[in-house]
Amino acid sequence: MAIKQHISTFTCLGGGIIGSGWAALALANNKQVKLWDPSQKALNRAKDHIQTALVSLGTNGYDVANVFQNLELCDTLEAALSNSDFVQESAPEILGLKQDLFSQIDALVPDSVIIASSSSAITMTQIAMKTRHPKRCIIAHPLNPVYLVPVVELVPGEQTSQQTVSMAKNIYEQLGKKPITLNTEKTGFVLNRLQETLWREAFRLVANNQVSVEDVETALTSGLGLRWSILGPFMVYHLAYGEKGIADFFAEHNGAHKGWADLDPPKYSAKKASEITQACESLGNGKTELELMRERDMALVSVLNALNLKD
């Protein structure tokens with residue numbers, strides 16, 4: 001059976017930050033959205049997150065005046081999957097839980113419906129092991145906040161069909177996303193492997209008392225982060241080495257700076273972890289989660305507008 005190319009009903013399974021973010025983005029793109037979570041508390045919290053996200057999306061050029069009425073909070077998985085055209089699973093990162101959930105979804109929706117997972121590390125080959133139709137299952141891992149950051153990484157499993165990959169790419173583009181596709185599965189995919197590498201070095205520098213949490217944040221937000229919003233690591237080096245570009249970098253350094261080779265996982269004490277936690281809380285200035293989300297979103301909207309990345 002052919003994979004559906006156009007969707008009107010978008011099902012979100014999981015009412016956390018990621019699941020509610022997907023719901024907000026789908027609502028802003030005039031989809032009927034069904035949201036399910038086994039926790040009523042999570043569902044109630046999801047409404048707050050979605051409303052906060054819709055304000056940000058409205059500032060970013062979407063017409064969200066009446067879209068909240070297209071949201072249906074479902075009491076059961078069966079209700080959430082009824083008449084669904086696309087399923088986005090954003091359950092906790094627990095293999096057994098995801099396997100069982102995918103098996104249930106697979107039995108409840110036609111095999112023309114793509115089942116995507118927001119998993120940030122577990123591969124689709126693992127997740128889809130209990131399904132009858134693994135060909136329509138794919139990883140679609142976003143970057144938080146889902147509704148503003150355009151990238152989504154598509155990672156097919158060993159049995160995912162090329163049609164599923166192509167149709168998923170098309171559907172996410174309809175939602176304003178910028179998909180990247182991995183050719184083969186790799187735990188952690190692209191985004192988190194890059195992010196983890198930077199995180200480890202940032203943690204090491206702070207744990208070794210070489211720099212403060214505040215100054216690491218400034219190094220990224222007022223330095224590398226600004227440049228990276230325009231150029232990725234390859235083009236940064238290509239421009240940095242003059243007329244011959246990155247070829248001179250490889251000739252001079254053989255692909256790596258020898259003086260920066262001590263990049264093993266950082267070691268730290270419980271005391272240092274507590275100090276870092278306190279520093280992060282201090283940077284939050286006592287603001288609530290939703291207040292910090294709103295502040296972050298408005299800054300991101302300004303960057304997106306400046307770089308014209310919305311479309």
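**Exercise 1. The second largest pocket**

Which helix gives the most to the lining of the second largest pocket? Work out the volume and the chemistry of that lining too.

*Solution.* Keep in mind that this is a predicted model.

- Step 1: start with the space itself, which comes to about 160 Å³ for the second largest pocket.
- Step 2: collect the lining residues. They are Leu13, Gly14, Trp36, Asp37, Pro38, Ser90, Ala91, Pro92, Leu97, Leu101 and Gln104.
- Step 3: match them to helices. Helix α4 (residues 95–108) comes out ahead, with three residues in the lining.
- Step 4: sort by class. You get seven nonpolar, three polar and one charged residues around the second largest pocket.

**Exercise 2. A closed space and its walls**

Find how many cavities of 30 Å³ or more there are, then describe the second largest cavity.

*Solution.* Some background helps here: rolling a probe the size of a water molecule over the atoms shows where empty space is left.

- Step 1: the count is two cavities of 30 Å³ or more.
- Step 2: the second largest cavity holds about 50 Å³ of space.
- Step 3: list its walls. The lining is made of Ile17, Ser20, Gly21, His49, Ile50, Ala53, Asn144, Tyr147, Met293 and Arg296.
- Step 4: look for helices that supply at least two of these residues each. α1 (17–28), α2 (40–59) and α12 (289–307) do so.
- Step 5: by class, the lining of the second largest cavity splits into five nonpolar, four polar and one charged.

**Exercise 3. How α2 packs against two helices**

Classify the crossings of α2 with α1 and with α12, and say what the contacts are made of.

*Solution.* Take α1 first.

- Step 1: the axes of α1 and α2 come within 9 Å and cross at roughly 45°. The two helices are therefore oblique to each other.
- Step 2: the crossing of α1 past α2 is right-handed.
- Step 3: on the α1 side, the contact uses Ile17, Ser20, Ala23, Ala24, Leu25, Leu27 and Ala28, and on the α2 side Ala46, His49, Ile50, Ala53, Leu54 and Leu57. Sorted by class, that is 11 nonpolar, two polar and no charged.

Now α12.

- Step 4: the axes of α2 and α12 come within 10 Å, with a crossing angle of roughly 25°. Because angles under 35 degrees count as roughly parallel, α2 is roughly parallel to α12.
- Step 5: this crossing is right-handed.
- Step 6: α2 brings Arg45, Asp48, His49, Thr52, Val55, Ser56 and Thr59, while α12 brings Glu289, Leu290, Met293, Arg294, Asp297, Met298 and Val301. The tally for the α2 and α12 contact is five nonpolar, four polar and five charged.

**Exercise 4. The α7 and α8 pair**

Give the crossing angle and hand for α7 and α8, then check the classes of the contact residues.

*Solution.*

- Step 1: helix α7 (residues 191–207) and helix α8 (residues 213–228) have axes that come within 10 Å and cross at roughly 145°.
- Step 2: α7 passes α8 with a right-handed crossing.
- Step 3: the contact has Leu198, Ala202 and Val206 from α7 facing Val213, Val216, Leu220 and Trp228 from α8. That makes seven nonpolar, no polar and no charged.

**Exercise 5. Backbone oddities**

Where does Pro145 lie, and where does Asn83 lie? Say what the backbone does at each.

*Solution.* The reference point is that most residues other than glycine have a negative phi, and most peptide bonds are trans.

- Step 1: Asn144 and Pro145 are joined by a cis peptide bond, with omega about 0°. Pro145 sits in the loop between β6 (137–142) and β7 (151–156). Asn144 also turns up in the lining of the second largest cavity.
- Step 2: Asn83 is not a glycine, yet its phi is positive at about 60°. Its place is the loop between α3 (77–81) and β4 (86–89).

Definitions and conventions. Residues are numbered from 1 along each chain as its sequence is written. This is a predicted model: local features need pLDDT of at least 70, side-chain atom pairs count only at pLDDT 80 or more; totals for chains, interfaces and linings use all residues. Side-chain values use heavy atoms; hydrogens and water are left out. On a 1 Å grid over the protein atoms alone, a cavity is a set of points where a 1.4 Å probe fits but cannot get out, and a pocket is an open set with protein on both sides within 12 Å along at least five of seven lines; lining residues have an atom within 4 Å of a point. Grid points are joined across faces, edges and corners, and a volume is the space filled by probe spheres set on the points. Helices (H or I, at least four residues) and strands (E, at least two) are DSSP runs, numbered from the N terminus. Ala, Val, Leu, Ile, Met, Phe, Trp, Tyr, Cys and Pro count as nonpolar, Asp, Glu, Lys and Arg as charged, and the others, Gly among them, as polar. Axes are lines fitted to C-alpha atoms, for helices over the stretch in contact, and angles run from 0 to 180 degrees between N-to-C directions. Angles under 35 degrees count as roughly parallel, over 145 as roughly antiparallel, 65 to 115 as roughly perpendicular and the rest as oblique. A crossing is left-handed if the near helix is turned anticlockwise from the far one by less than a right angle, and right-handed if clockwise. Contact means heavy atoms within 4.5 Å.
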